[in-house]
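Visitor: Before we talk, could you put the model on the screen, and then explain the terms as we come to them?

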Amino acid sequence: LAHWLVEQGAGPERIVAVRIPRSVEMMVAIYAVSKAGAAYLPIDTELPEDRVRQFLDSAKPLLVLDEDLPDVSGYPEANPQRRLVPDNAAYVMYTSGSTGGPKGVPVQHRSIMNRIKWGLAHFDVTPEDRMLLSTTASFDASVPELFAPLQIGACVVVARPDGRKDPAYLAELIQRERVAQAVAAGSSAAMR
């Protein structure tokens, strides 16, 4: 998928919107955008269409990835060769619009990696850990959930799209899947 995105023009300082409910496919799309060197713009699938249109009109993404991901059979499996610098945008999040309209805020790779490195070391995350992805991708608290586990080789347990609204479901999922780490809102909470 990353190679296909590069072929479409994705690269540093370009934006690719991802409008897929929380799932493995959403993670694949976000990682592919990152590997292509572009910044991902997560769009919550529960947002009203007029709000989505505001985001798309403002950000002007190269394209929007949805649940119908393109057929990428025949493309190389190796990572594309992309040159990024720490100051390149990694993602764009939109604020709630408290100043009159939503505002897109690009976040650099440098910021993500500083946060992830700190969290992995501070909470002693290991490849044996199982970490929960339960935050909506359009909220920046999702970034450690999306990227920290795979940086260290830990397992990601993906909560169903509406799972964050159901504490009983989350508790059962955490117990059933033996989730050892939950990364949330700027800090990690060990659940051992």
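Visitor: What makes S6 and strand S7 count as paired, and in which sense do they run, parallel or antiparallel?

Guide: Two strands pair if DSSP finds at least two bridges between them, and S6 and S7 (residues 155-158) are joined in the parallel sense over four bridges, so the definition is met. Within this pairing, Leu 133 stands opposite Val 158 of S7. Please keep in mind that this is a predicted model, in which local features need pLDDT of at least 70 and side-chain atom pairs count only at pLDDT 80 or more, while totals for chains, interfaces and linings use all residues. Residues are numbered from 1 along each chain as its sequence is written, and side-chain values use heavy atoms, with hydrogens and water left out.

Visitor: Why are both faces of strand S6 called covered?

Guide: Buried means under 20% relative accessible area, exposed means over 50%, and partly exposed lies in between (1.4 Å probe, protein chains only). In S6 (residues 130-133), Arg 130 and Leu 132 on one side are buried, and so are Met 131 and Leu 133 on the other. The strands themselves are DSSP runs of E with at least two residues, whereas helices are runs of H or I with at least four, numbered from the N terminus.

Visitor: What makes S4 mostly covered, and how does S4 pair with strand S5?

Guide: Six of the six residues of S4 are buried. S4 and S5 (residues 104-108) pair in the antiparallel sense over five bridges, with Tyr 94 opposite Gly 104 in S5.

Visitor: How do you know that helix H5 is largely enclosed?

Guide: Eight of the 11 residues of H5 (residues 142-152) are buried, so the rest of the structure largely encloses this helix. Among those buried residues are Val 143, Leu 146 and Phe 147. After H5 comes Gly 153, which has a positive phi, near 90°.

Visitor: Why is Leu 62 called partly exposed?

Guide: The relative accessibility of Leu 62 is 25%, and since that value is neither under 20% nor over 50%, Leu 62 counts as partly exposed. Leu 62 lies in the loop between helix H3 (49-59) and S3, and its C-alpha atom is separated by 5.9 Å from that of Ile 15, although the two residues are 47 apart along the chain.

Visitor: What makes the contact of Arg 110 and Asp 87 a salt bridge?

Guide: A salt bridge is a side-chain nitrogen of Lys or Arg within 4 Å of a carboxyl oxygen of Asp or Glu. For Arg 110 and Asp 87 the N to O distance is 2.8 Å, so the contact qualifies. Arg 110 lies in helix H4 (residues 109-122) and Asp 87 in the loop between S3 and S4, so the pair ties together parts that are 23 residues apart in sequence. The structure holds 10 salt bridges.

Visitor: How do you know that Glu 172 and Arg 176 are separated by about one helical turn?

Guide: These two residues are four apart in helix H6 (residues 167-176), which puts about one helical turn between them. An α-helix has 3.6 residues a turn, so residues three or four places apart point the same way. Glu 172 and Arg 176 form a salt bridge, their closest N and O atoms being 2.7 Å apart. With relative accessible area of 36%, Glu 172 is partly exposed, and Arg 176, at 45% relative accessibility, counts as partly exposed as well. Salt bridges that share partners join Arg 130, Glu 172, Arg 176 and Glu 177 into one network.
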